[in-house]
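The following paragraphs lead the reader through the structure shown below, taking the ligand as the point of departure. They then turn to strands, a helix and several individual residues.

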Amino acid sequence: MAAKSTIYSEGGKVRRVVVVGGGLAGLMTVIKLCEAKVPVDLLSLVPVKRSHSVCAQGGINASVNTKGEGDSPQVHLEETAYGGDFLADQPPIKGMAEAAPGIVFMLDRMGVPFNRTPEGLLDFRRFGGTLFHRTAFAGATTGQQLLYALDEQVRRFETMDVTDEHGVAIPGEKLVRKFEFWDFLSAVLDDSGTCVGCVAQDMKTMQIKSFPADAVVLATGGNGIIFGRATLSVICTGTAAASVYQQGACYANGEFIQVHPTAIPGADKLRLISESARGEGGRVWVPKDKKDARHPREIPEKDRDYFLERMYPGYGNLVPRDIASRAIFKTCFHEGRGILNSKTGKNENEVYLDLTHKDESFLRSKLAGILEIYEKFAGTDPYKNPMKVFPAVHYSMGGLWVDYEKDARGSLKTGSPRNHSTNIAGLYAVGESDFAYHGANRLGANSLLSCIYGGMATGPSVATYRKNLEKSALDLPRSIFEKAEKREQEKYEGILKMNQDKSNTENPYRLHQELGDTMLRDCTIERDNKTLDKVLEKITELDERAKNIKCPDDSPRTNQGAQFTRHFQNMLVLARVVAQGARNRDESRGAHYKPAFEKRNDADWMRTTLAMHKGVGKVEYVRQLSYTIGGKSIERTDAVDVSLVAPRERKYEQAGAASAAATGKLPDNKTQDAQKA
Ligand SMILES: Cc1cc2nc3c(=O)[nH]c(=O)nc-3n(C[C@H](O)[C@H](O)[C@H](O)COP(=O)(O)OP(=O)(O)OC[C@H]3O[C@@H](n4cnc5c(N)ncnc54)[C@H](O)[C@@H]3O)c2cc1C
């Protein structure tokens, strides 16, 4: 039987849900919860407005078909399933594609300054894996504009009172309480394994505290920092996901890591040059003669190899990212045709990304944000000179396994408590930290969409879950929370004390560099089983050496050394999930490419990788999952739901390969020719 009040605990306290993460996914979840009058505690490691979503550049997909090309949500679904090499369950994609136009219109109404056409309509640009203009954008700072718009909405809820069942305001209780600079440490589980809150640490005072909650939503983003250098922010270590994985949450498709084709090579970080550069007509090339030492501006058209256009005449520079990255990798690594460094005489791992044929005022109105980044970090004017780029780790298709419930149309059943639930009841995941929507390869501009759509699905899902709870977390014995706090306090003190009296200790930053170098070199674009065995050995070695870490900081406040040590320990855990998943999967699919197993193998591998933690250094890959939610026992397997778009071979060599089946025709290719002009 459900509890008497959804607002008050039996002890008269206001019941809350915790959302961890203030990126797009977290903020959208908060908004939906507040609309359902559910009070929220919002925790974030960084100020919400500095969440990594702020870095997103190119845009957000929605098949609005403003340009009359025949695009539709059905085509969007088709192309997302196809682009993801049929590893994504299709009902969530259907829900997302159908909701997308409404999401973009909602964001427009919230005040996002989207670019517009001269007639005043929303403008849409092309992105990878489609021939349609489907990507709404705000210059090249779309993520920032979206994040600030949602942040404004959440701030409104921060000022609004919680109301009781009769609509009467409860003094002193605001709908949203925000806790910035708090690091999520672990979930609090009750005796039946249900999540009833979390423990977090205030990164200013280092206080460790539990947050009792009717449900916890993790919207904690990606894990690219496992690879050392990536296009992601340095806080994207995946620590929260790794932590609940060690508490029994399933981690799915970890081996699918997206490597973006075009980033600025850098010693500290790899800064992205968004796909929008190619969407607006940017062309990738290398000199035909690998010893050509001329300045790129002096190399005439006939002496350039636009290899993506040559290999993929239909999609050209806008093939999906996995394909473009592999082509660049092949050109540089296997053929040695990267740009010649005239000083060293060596061909570098770099190719040209060229926008110099486009009008400067056009580029300023559409791409100023990213071109400014290039100029700042590369020191060259990209309006006048081709940029030098190379692939970089960018996105994690894998993440915490989350469930969904289908409706009769094959989409998501709105408000089902199963949507976005992990296999730990009461624990939800959304955004880049979940595994849904993108299968083996994410199409560009689909992530901002999946974050916002995911939030719109998760809010109502959590509200239903909470409504059916027999009692609030606040009515459980306080000892459950004290025990969890004590466990985390001891772990933290353990980190501070580790090896303090020893010499010959290890430095966590240096170990992280070794992990990153190994993962980046051996576990990204091309994978080989013997090498992956070595990666796993290296992770085992690092596990051992991590026991010898001496915390580089003993400060009682803002102790980032201790925090990094904790994150590093968690990165090691996820690195194993990624590497072991890659080692197991003997096929090539989307971003996972093994030259020794060149083809996709649907008979054996059209299945979700489900990883379960089985103690230090041990991952068990299971075929089935079961959990109980709302008194119902749910059984799930690793089978992928491909009931809406029949799997077929991916052939981007053919124009319209992804969409032709859905539309029966291709969009007007003249638009592409015009772009090249
Ligand atoms: C450079 C770049 C450009 C991109 N451009 C695009 C684009 O144009 N279009 C597109 O669709 N996608 C793009 N992406 C991908 C997209 O930006 C991300 O996938 C998306 O923003 C992730 O949002 P999120 O809400 O899941 O997580 P994030 O925005 O990463 O937010 C995570 C939140 O969790 C919090 N958090 C994390 N760990 C903890 C912890 N331990 N404790 C407490 N809080 C924690 C953080 O503080 C933060 O608030 C881009 C990615 C990069 C790297």
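**The ligand and its surroundings**

A polar side-chain atom of Glu 432 is placed 2.6 Å from an oxygen atom of the ligand. The model is a predicted one, and the distances and angles quoted here are to be read accordingly. Ser 51 also offers a polar side-chain atom, which lies 2.6 Å from an oxygen atom of the ligand. In the case of Leu 448 the backbone is involved: one of its polar backbone atoms is 2.7 Å from a ligand oxygen atom. In total, 37 residues surround the ligand. Ser 51, Ser 53, Gly 58, Glu 432 and Ser 447 are the closest of them.

From the ligand the description passes to strand pairing. Strand E3, residues 60–61, runs antiparallel to strand E5, residues 133–136, and 2 bridges join the two. Within this pairing, Asn 61 stands opposite Thr 135 of E5. Strand E5 also pairs with strand E4, residues 124–126, again in the antiparallel sense and over 3 bridges. Here Phe 124 has Ala 136 in E5 as its bridge partner. E4 and E5 form a hairpin with 6 residues between the strands, and in this hairpin Gly 129 takes a positive phi near 80 degrees.

The loop between helix H3 (90–110) and E4 contains Glu 119. Is this residue buried or exposed? Glu 119 counts as exposed because its relative accessibility is 61%, above the cut-off of 50%. The side chain of Glu 119 nevertheless has a partner, as a polar contact of 2.9 Å joins it to the side chain of Thr 117.

E4 appears again in the setting of helix H9. This helix spans residues 360–378, and its 19 residues place the end C-alpha atoms only 19 Å apart, whereas a straight helix would reach 27 Å at 1.5 Å a residue. At Leu 367, H9 bends by about 95 degrees. Leu 367 is also one of the buried residues of the helix, together with Leu 363, Lys 366, Ile 370, Leu 371 and Tyr 374. The elements that cover these buried residues include E4, strand E14 (257–264), helix H6 (276–279) and strand E21 (387–396). Just after H9 comes Gly 379, with a positive phi of about 75 degrees.

A further sheet is open and consists of 4 strands in the order E22-E13-E24-E25, with antiparallel pairing. Its edge strands are E22 (399–400) and E25 (619–622), each of which pairs on one side only. Strand E13, residues 251–252, and strand E24, residues 610–613, are antiparallel and share 2 bridges. In this pair, Tyr 251 has Ala 611 of E24 as its bridge partner.

Two backbone conformations remain to be considered. Most residues other than glycine have a negative phi. His 420 is not a glycine, yet it has a positive phi of about 70 degrees. His 420 is found in the loop between E22 and strand E23 (427–429), and it counts as buried because its relative accessible area is 2%, under the limit of 20%. Asn 504, likewise not a glycine, has a positive phi of about 55 degrees. The place of Asn 504 is in the loop between helix H11 (478–497) and helix H12 (508–522). With a relative accessible area of 72%, Asn 504 is exposed, whereas His 420 is buried.

Conventions: Residues are numbered from 1 along each chain as its sequence is written. Side-chain values use heavy atoms; hydrogens and water are left out. Two strands pair if DSSP finds at least two bridges between them. The expected span of a helix is 1.5 Å times one less than its number of residues. The bend at a residue is the angle between axes fitted to the seven residues ending there and the seven starting there. Buried means under 20% relative accessible area, exposed over 50%, partly exposed in between (1.4 Å probe, protein chains only). Contact means heavy atoms within 4.5 Å. A residue is near a molecule or strand if one of its heavy atoms lies within 4 Å of it. A polar contact is a pair of N or O atoms within 3.5 Å; within protein, one must be able to donate a hydrogen and the other to accept it, and residues adjacent in sequence count only if both atoms are side-chain atoms.
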